[in-house]
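This report introduces a protein structure to a reader who has not met it before. The sequence and the model are shown first, and a description of selected regions follows.

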Amino acid sequence: MNSILRHSKLSLVLAGLLTAAGLMSGCGTTKETAKTGVDAASTSANQVQAAQPAGTSSKELTLYVAESFDKALSKSFEEKTKIKVNIVHVATGDLIAKIQAERNNPHWDVTWFDGATSMQSLNKQGLLLKDWSPANIANYTSLGKELIPADRSFYPTHVTGAAAIAYNTNLVPKDQAPKDWNDLLEPQFKDSIAMNDPSVSGPTYPFVAGILQQFGEVKGKQYFQELKANGLKTFPKNPNTLQSLLTGATKAIMIQDTAILNAKAKGDPVEIVYPSSGVPMLYGNIAVSPKASNMDAAKQFVEYVLSPEAQKQMVDPKVGEADSYYLPIIQGVEMSPLRPTEEVKWLNVDVIKGSDGENEIKKWFHDSIVQ
């Protein structure tokens, strides 16, 4: 596996019995340090900070997010730190476009969504804080540590399957259920298969990139073209694709595994299959804006998300809904008992390569498969 957070103006007016030549005013600037992952401020800056009246520093941050955990974790973070979290929750594709549109004047402090390739695309554009390590980075499991990019521009929060296969148990007998990706090319699934549009759905581009990596680009594209020839339908997001399965419009679909597990938990007639040849891995990632107006608050929020306290909330479906059926990568956190314990052959998508080809592949998919 390839290894894959304003200037703060400080003002101090010294008053007292001073000579005219000794009357001074000053300002200091804090700097980031990549060595410790903690703000390193000068002694004078610390003294100025301590001298400020309580409540004069900003106690809020803005979170751009496409994760279902946002409201619950923001509330508990606010209660713990007294730092207000302003939530902007939109779909992943729209979220990324919003961050890019605000490149010269970002309105966000922290962003959190699924898909390392998309996060890496933002990183290449200089839109993420680099070389900062959370104080609690040791919380990661060995898998979690392997997913941290070398420049520490973003941090994984949880792991899922970018896509697995779900089939309708009322329409497909167990002995005829697909076992691998190529099984969906069989005549029994003619005009009865579906997936999400990777230009809209955050989990789906890593799935497409993973198939191209696993099969090879030429054969991978051929695979999707053969699916289209077999009647593949594309929908915007998980709920739409899942609905096609539950209504019988399709017999089998390829979507994020947590959405399938959530449907099973609700008692829907679906079963999950992790393809034997490999399952592209998807992980949620969190990052800090290098122009964050509230840098300290932003870093505190990231550290909170990576804490066992927060993660134990995240695995509760009452908090994260479908997103809660993930594979934890923080020590001391147990995954949902409804998540299968069977061994999965995970495929870690090449983040750099996947990022470099993202726009081209999405365009190809739209022009060749969606239309």
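Which residues of the largest nonpolar core touch the most other members? The model is a predicted one, and in it this core has 54 residues, with L61, L73, W112 and F301 touching the most other members. Helix α10, which spans residues 295-305, supplies the largest share of the core, namely seven residues. A second core, separate from this one, consists of 30 residues, among them I165, L184, V273 and W364. Returning to F301, its contacts beyond four places in sequence are with L61, L63, S74, F77, V85, V110 and I286.

**Buried residues**

Three residues may be described in turn, beginning with D114. This residue belongs to strand β5, which covers residues 110-114. D114 counts as buried because its relative accessibility is 7%, and the cut-off for buried is under 20%. The C-alpha atom of D114 is 7.5 Å from that of A66, although the two residues are 48 residues apart along the chain. The side chains of D114 and Q256 make a polar contact at 3.5 Å. Outside the four places on either side of it in sequence, D114 is in contact with E67, T92, H158, G202, Q256, L282, Y283 and G284.

T250 is located in the loop that runs between α8 (238-246) and β10 (252-255). With a relative accessibility of 0%, T250 is buried. Its side chain makes a polar contact of 3.0 Å with the side chain of S244. Apart from residues up to four places away in sequence, T250 touches L171, S192, I193, A194, K233, S244 and L245.

S192 lies in another loop, the one between β7 (164-168) and β8 (193-196). S192 has a relative accessible area of 11% and is therefore buried. The contacts of S192 beyond four places in sequence are G231, K233, A249, T250, K251 and A252. T250 and S192 thus appear in each other's contact lists.

**The second largest pocket**

Rolling a probe the size of a water molecule over the atoms shows where empty space is left. The second largest pocket has a volume of about 610 Å³. Its lining is made up of 27 residues, and S68, K237, N238, P239 and D323 lie nearest the centre of the pocket. Two elements, α8 and α9 (257-265), give two or more residues to this lining. Sorted by class, the lining holds 11 nonpolar, nine polar and seven charged residues.

**Residues with positive phi**

Most residues other than glycine have a negative phi. Two residues that depart from this pattern are K82, with a positive phi of about 65°, and D131, with a positive phi near 55°. Their positions and accessibilities are set out below.

| Residue | Loop | Relative accessible area |
|---|---|---|
| K82 | between α2 (70-81) and β4 (84-89) | 62% |
| D131 | between α4 (116-124) and α5 (142-146) | 35% |

Are these residues exposed or partly exposed? K82 is exposed because its relative accessible area of 62% is over the 50% cut-off. D131, at 35%, is partly exposed because its value falls between the cut-offs of 20% and 50%.

Key: Residues numbered from 1 in each chain as written. Predicted model: local features only at pLDDT ≥ 70, side-chain atom pairs only at ≥ 80, totals over all residues. Heavy atoms only, no water. Helix = DSSP H or I, 4+ residues; strand = E, 2+ residues; numbered from the N terminus. Buried < 20%, exposed > 50% of the residue type's maximum accessible area, 1.4 Å probe, protein only. Polar contact = N/O pair within 3.5 Å; in protein donor to acceptor, adjacent residues only side chain to side chain. Contact = heavy atoms within 4.5 Å. Core = buried A, V, L, I, M, F, W, Y, C linked by side-chain atoms within 4.5 Å. 1 Å grid on protein atoms, 1.4 Å probe; cavity = no way out; pocket = protein on both sides within 12 Å on 5 of 7 lines; lining within 4 Å. Points joined across faces, edges and corners; volume = space filled by probe spheres on them. Nonpolar A, V, L, I, M, F, W, Y, C, P; charged D, E, K, R; others polar.
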